[in-house]
Amino acid sequence: MSLFRQWSFDGFTPHEPPPGFSSASFGMERSGEWNVRPEQLALSPPNVMVGAASCEGACIRMLVADALQYEYPDVSVRLRPPREGGRAVGGMVFAWKDPKNFYLALVDLEAHEVELSKVVDGQETKLGRATVKPKSSPWHVFRVQRSTILSKDFIEVSFDAQLAVSVQDQSLGIGQVGLATRGETEVAFDNFHAFPLFSQRPLSGPAAY
């Protein structure tokens, strides 16, 4: 199986969970709801992936790509808030081993904040947080790179081509990647890309997908 993967969700059956992915949760009993929905204004019509749940607080819902393992991933996704308004907090997980061990990068599209954290043995630790300025577009670009320089691992998170968070951390190694949402929210995702990061260059603007 190729490690260079992209998902537009357009070949999936609407209103059903996506094949090739598994749902998981942290801080809640149920794994939340992930469904493919028709969307005429999707970046790549006709479908988007929507993550939603009714939990409150710090609960996290994840949709993890099956059978893909990365040590130094470059992952990106396009995302937007619900059209009717409301809180939208979404992003990606990486180095995912199980529902109690993973890295989590999220953007709050209402508060304009990016946050990076890690969950190790079921304990969440905040690694970095920053305020960002969204572009004037309903769809936004969210990207995470993990690289290694001189035996040190660096994680860099960008939003709409702005480098928001950069930290050094080696708590978790190889693992899976996927989408995530937090709290009482609904987020639409499109054009999810994942591939191994061979370059050790610092984070630049998003690739021209």
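The following dialogue goes through the features of a predicted model, one topic at a time.

Trainee: Where should I begin with the overall fold, and how many helices and strands does the protein have?

Mentor: Begin with the secondary structure and the confidence together, since the model is predicted. The protein has 15 strands and 0 helices, and its average pLDDT is 88, with 89% of the residues scoring at least 70.

Trainee: Over which residues does pLDDT stay under 50?

Mentor: The general idea is that where pLDDT is low, the predicted coordinates should not be read in detail. In this structure that concerns residues 199-204, where pLDDT stays under 50 and for which the model has 13 contacts beyond four places in sequence.

Trainee: What do the burial and contact totals say about the chain as a whole?

Mentor: Of the 209 residues, 54% count as buried, and among contacts with a separation of 6 or more, 67% are between residues 24 or more positions apart. The exposed area of the protein is about 9,500 Å², of which carbon and sulfur atoms supply 50%.

Trainee: How many residues are in the largest nonpolar core, and which of them have the most contacts inside it?

Mentor: As a general idea, nonpolar side chains in soluble globular proteins tend to be buried together. Here the largest nonpolar core has 40 residues, and those with the most contacts inside it are Trp-7, Phe-142, Val-157, Leu-179 and Phe-192. Strand 15 gives the most to this core, contributing 4 residues. Taking Phe-192 as the case to follow, and leaving aside its neighbours within four places in sequence, one finds it in contact with residues including Trp-7, Phe-9, Phe-21, Val-77, Met-92 and Leu-179. A second, separate core has 13 residues, among them Phe-26, Val-89, Leu-106 and Val-119.

Trainee: Where is Thr-185, and is it buried or exposed?

Mentor: Thr-185 is in strand 15, which covers residues 185-196, and with a relative accessible area of 7% Thr-185 is buried. A polar atom of the Thr-185 side chain lies 2.9 Å from the backbone nitrogen of Val-89.

Trainee: How many salt bridges does a search of the whole structure find, and which residues do they join into one network?

Mentor: The search finds 10 salt bridges, and a useful way to read them is to ask which parts of the chain each pair links. The side chains of Glu-115 and Lys-126 meet in one of them, at 3.0 Å from N to O. That pair links distant parts of the chain, with Glu-115 in strand 9 (residues 113-120) and Lys-126 in strand 10 (residues 123-131), 11 residues apart. Glu-115 counts as buried because its relative accessibility is 16%, whereas Lys-126, at 47%, counts as partly exposed.

The side chain of Arg-182 also meets that of Glu-115 in a salt bridge, at 3.6 Å, and this pair links strand 14 (residues 176-182) with strand 9, across 67 residues. Arg-182, at 9% relative accessibility, counts as buried.

For Asp-169 and Lys-118, the side chains meet in a salt bridge at 3.0 Å. Asp-169 lies in the loop between strand 13 (162-168) and strand 14, and Lys-118 lies in strand 9, so the pair ties together parts that are 51 residues apart in sequence. Asp-169 is buried, with a relative accessible area of 10%, and Lys-118 counts as buried at 15%. As for the network, salt bridges that share partners join Glu-115, Glu-124, Lys-126 and Arg-182.

Trainee: Which peptide bond is cis, and what surrounds Pro-46?

Mentor: Omega is the angle to read for this, and for the peptide bond from Pro-45 to Pro-46 omega is near 15°, making that bond cis. Pro-46 is in the loop between strand 3 (33-38) and strand 4 (47-53), and its relative accessible area of 43% makes it partly exposed. Not counting residues up to four places away in sequence, Pro-46 touches Asp-10, Arg-37, Pro-38 and Glu-39.

Trainee: What is the phi of Phe-9 and of Ala-161, and where do these residues lie?

Mentor: For backbone angles, read the sign of phi together with the residue type. Phe-9 is not a glycine, yet it has a positive phi of about 65°; Phe-9 is in the loop between strand 1 (5-7) and strand 2 (21-26), and it is buried, with a relative accessible area of 2%. Ala-161, likewise a residue other than glycine, has a positive phi near 70°. Ala-161 lies in the loop between strand 12 (152-159) and strand 13, and at 40% relative accessibility it counts as partly exposed.

Notes
Residues are numbered from 1 along each chain as its sequence is written. This is a predicted model: local features need pLDDT of at least 70, side-chain atom pairs count only at pLDDT 80 or more; totals for chains, interfaces and linings use all residues. Side-chain values use heavy atoms; hydrogens and water are left out. Helices (H or I, at least four residues) and strands (E, at least two) are DSSP runs, numbered from the N terminus. Buried means under 20% relative accessible area, exposed over 50%, partly exposed in between (1.4 Å probe, protein chains only). Contact means heavy atoms within 4.5 Å. A polar contact is a pair of N or O atoms within 3.5 Å; within protein, one must be able to donate a hydrogen and the other to accept it, and residues adjacent in sequence count only if both atoms are side-chain atoms. A salt bridge is a side-chain nitrogen of Lys or Arg within 4 Å of a carboxyl oxygen of Asp or Glu. pLDDT is the predictor's confidence in each residue, from 0 to 100. A nonpolar core is a set of buried Ala, Val, Leu, Ile, Met, Phe, Trp, Tyr and Cys residues joined through side-chain atoms within 4.5 Å. Accessible areas come from the Shrake-Rupley method with a 1.4 Å probe; for residues, only the protein chains shown count as cover.
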